[in-house]
Amino acid sequence: MKKRLLVGLLVLGLVCVLAPAAYSADTTVKYAHWNALSEEYNYVKAFEEKYPDIKIEFTLIPEAEYSQKLTTMIMAGTAPDVMCLWECDISRFANGGFVDPLDDYVSESETLTLDDFIPAVQDLIEMQGKLYGLPWCFATEVMYYNKDAFDKAGIPYPDENWTWEDFENAAKKLTVVENGKVEQWGCDALGFQGLWYSLIGTFGDDIVNDKGQFSIGEGAKEFLNWWYRLTNEEKVVAPPQISTSGIISTDLFVAGKAAMAFNGSWMVSVYRDIENFKWDIAPIPKGVRQYSTLHTGFFTINSASKVKDAAWKFIEFCMSEEGQELINKAANNPSARISILEKGYYRVQGPMGPENWDAIDKTAQFAQWGYVLLPSGLTFDIVKDFNAAILGQMGIDEVVGKAIDRAKEILGEEGVASE
C-alpha cells in the first residue's frame, strides 16, 4: 500500500513537472511600446482572448521620450516586464544586465526557430553573444521611382541588379530642364538621416562592424564626392533644402518633381495616396556591395520581472503567425520571420503603386542594423555635416574626420574602428 502510494506521488510529481505552466487569474504582464494599439489589429487583445489567465497592462510612451523614459524606469525599478527596445538601447540594456537572454526560450519554443529569421538577427546574436530581443517587425530603406517618368524617357525599370552606374545614367536622362530651370530632377535630395548611412554602406564602409564599432572612412569620402558631383556639377540630384531644424523640408518625389528618391519602406503607406503618376520601389543600387539599413524595436524581458514565463508567452504569441499578421497589418511593416515575410501581410496597395513588393523581401536578405545601433544624437549630428558637404560649406575630408572624432568623444576610442 505504501509502495503504491509512493509510486502514485512520484507519478503525480512528474505530471506536475511536465504540465504547462499555469497562471493565476490575476497574472499581469506589464508591456510598453511607443506605438498605440490599433483598434482593428489589436494584438494585445488577441493575446488576452487566447490566454485569458494572463492580463496585459499596456503603457504607451510617446516616441520623443521613449528611450529616456524606459531608462529612468529601469533605474527606478519600475520598468515593465516586456519592453520593446530600440536598436540603440538593446546592447546598453543587455550589457547592464537589465534584460534576459532569450536563447533558451527560443530553443524550447514550438513556434519559433532562429533559422526562420532574416540574416541580420543572427548577425546581431553573433555581435552581442546572445539573443536579447526579437524584432516586433522591421522597416528598411529602398528606392522609389516614377514609372510614368521612366516610360516617357524610355528607361527600363530598376531592379535588384541595378548599379550606381545605372542610377547615374538614368538620373541624367530623367532630369528635365526648360528655359534654364529644372522642371524634373533625376533624383530627390536625401532627407531621412538613415539614407546617408545606407548609401555609404554600398560604397564599402561597415558603418558598424562585427565588433559593434563605428566604422566609416574611404567609402564615405568616395560616396560624398560622387553625390556632390551629381548635385553640383551634373545637376541631376536636387540640392538639399534644409529647414531650421536641420531636416529636408520638401518632398519632390511626391510632388512629381523628382523621378527617383530614396526613403524608408514606411513611406509606402504615405505614397499610396499619390494620384498623379504610377510609381514603384526597388532595392538600393549596388556599389561595392548591396547594403541598406534595418529599423525595428526588439521584444525583451526585464531581468527584474516576477512573471518571466508569462512575459515570454506574450512575446512568443507576438512572434507567432497570428500575432505577426496583426502587427504587420497595424504597422504596415513586414515580419522579420522569413516564412511570414513572404506572406506579405504588411503590404498596403495604393491605386498607383507599388507592385514590386519583392524589393523589400530581397532587401531583407542583405540589410543590416548598422547605424541604428549607435546613439541617435551622434548619427544625426554627422548627417548635418554630410549635408553641409553637399552644399559646399565644408570639405569632405574634414566632414569624415570630424565624424570620426565626434564618435570617439561619445563612444570612446574602443567604440570606433581603427583607420
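**Close-ups of salt bridges, pockets and cavities**

**View 1. R406 and E409 pair up in a salt bridge, with 3.0 Å between the closest N and O atoms.** This is a predicted model, and that goes for every view here. Both residues sit in helix 17 (residues 396-411), and because they are 3 residues apart there, about one helical turn separates them. R406 is partly exposed, at 34% relative accessible area, whereas E409 is exposed, at 61%.

**View 2. E413 and K408 bring their side chains together in a salt bridge, 3.9 Å from N to O.** With a relative accessibility of 56%, E413 falls in the exposed class. K408 is partly exposed, its relative accessible area being 26%.

**View 3. K362 and D358 make a salt bridge whose closest N and O atoms are 2.1 Å apart.** What puts about one helical turn between K362 and D358? They are both in helix 15 (residues 358-363), 4 residues apart, so the spacing comes to about one turn. K362 counts as partly exposed at 29% relative accessibility, and D358 is also partly exposed, at 35%.

**View 4. Four residues join up in a salt-bridge network: E168, K172, R229 and E234.** For the overall tally, the model has 22 salt bridges.

**View 5. D205 is a buried residue that has no salt bridge.** Look for D205 in the loop that runs between helix 9 (194-202) and strand 8 (207-208). R289 is the nearest side chain of opposite charge, and it lies 7.2 Å away; a salt bridge here needs nitrogen and oxygen within 4 Å. What the side chain of D205 does reach is the backbone nitrogen of G219, at 3.0 Å.

**View 6. W185 sits in the loop between strand 7 (181-184) and helix 9.** Is W185 buried or exposed? Its relative accessibility is 17%, so W185 counts as buried. Also in frame is G256, which is 71 residues from W185 along the chain, yet the two C-alpha atoms are separated by 9.3 Å.

**View 7. The largest pocket holds about 710 Å³ of space.** Its lining takes in 25 residues, and those nearest the centre are E63, W86, E87, F192 and H295. Helix 4 (87-95) and helix 16 (376-390) are the elements that give two or more residues to this lining. Helix 16 has the largest share, with 3 residues. Sorted by class, the pocket lining has 14 nonpolar, 9 polar and 2 charged residues.

**View 8. The largest cavity has a volume of about 70 Å³.** Rolling a probe the size of a water molecule over the atoms is how such empty space shows up. The model contains 2 cavities of 30 Å³ or more. Residues lining the largest one include S265, W266, V268 and S269, along with N332, N333 and P334. Y346, R347, V348, W357 and I360 are also part of that lining. By class, 7 of the lining residues are nonpolar, 4 are polar and 1 is charged.

**View 9. The second largest cavity encloses about 50 Å³.** Which element gives the largest share of its lining? That would be helix 6 (residues 119-128), with 4 residues. Among the residues lining this cavity are I90, V121, L124, I125 and Q128, as well as K130, L131, Y132, G133 and F298. The class split for the second largest cavity is 7 nonpolar, 2 polar and 1 charged.

Methods: Residues are numbered from 1 along each chain as its sequence is written. This is a predicted model: local features need pLDDT of at least 70, side-chain atom pairs count only at pLDDT 80 or more; totals for chains, interfaces and linings use all residues. Side-chain values use heavy atoms; hydrogens and water are left out. On a 1 Å grid over the protein atoms alone, a cavity is a set of points where a 1.4 Å probe fits but cannot get out, and a pocket is an open set with protein on both sides within 12 Å along at least five of seven lines; lining residues have an atom within 4 Å of a point. Grid points are joined across faces, edges and corners, and a volume is the space filled by probe spheres set on the points. Ala, Val, Leu, Ile, Met, Phe, Trp, Tyr, Cys and Pro count as nonpolar, Asp, Glu, Lys and Arg as charged, and the others, Gly among them, as polar. Buried means under 20% relative accessible area, exposed over 50%, partly exposed in between (1.4 Å probe, protein chains only). Lys and Arg count as positive and Asp and Glu as negative; His and the chain ends are not counted. A polar contact is a pair of N or O atoms within 3.5 Å; within protein, one must be able to donate a hydrogen and the other to accept it, and residues adjacent in sequence count only if both atoms are side-chain atoms.
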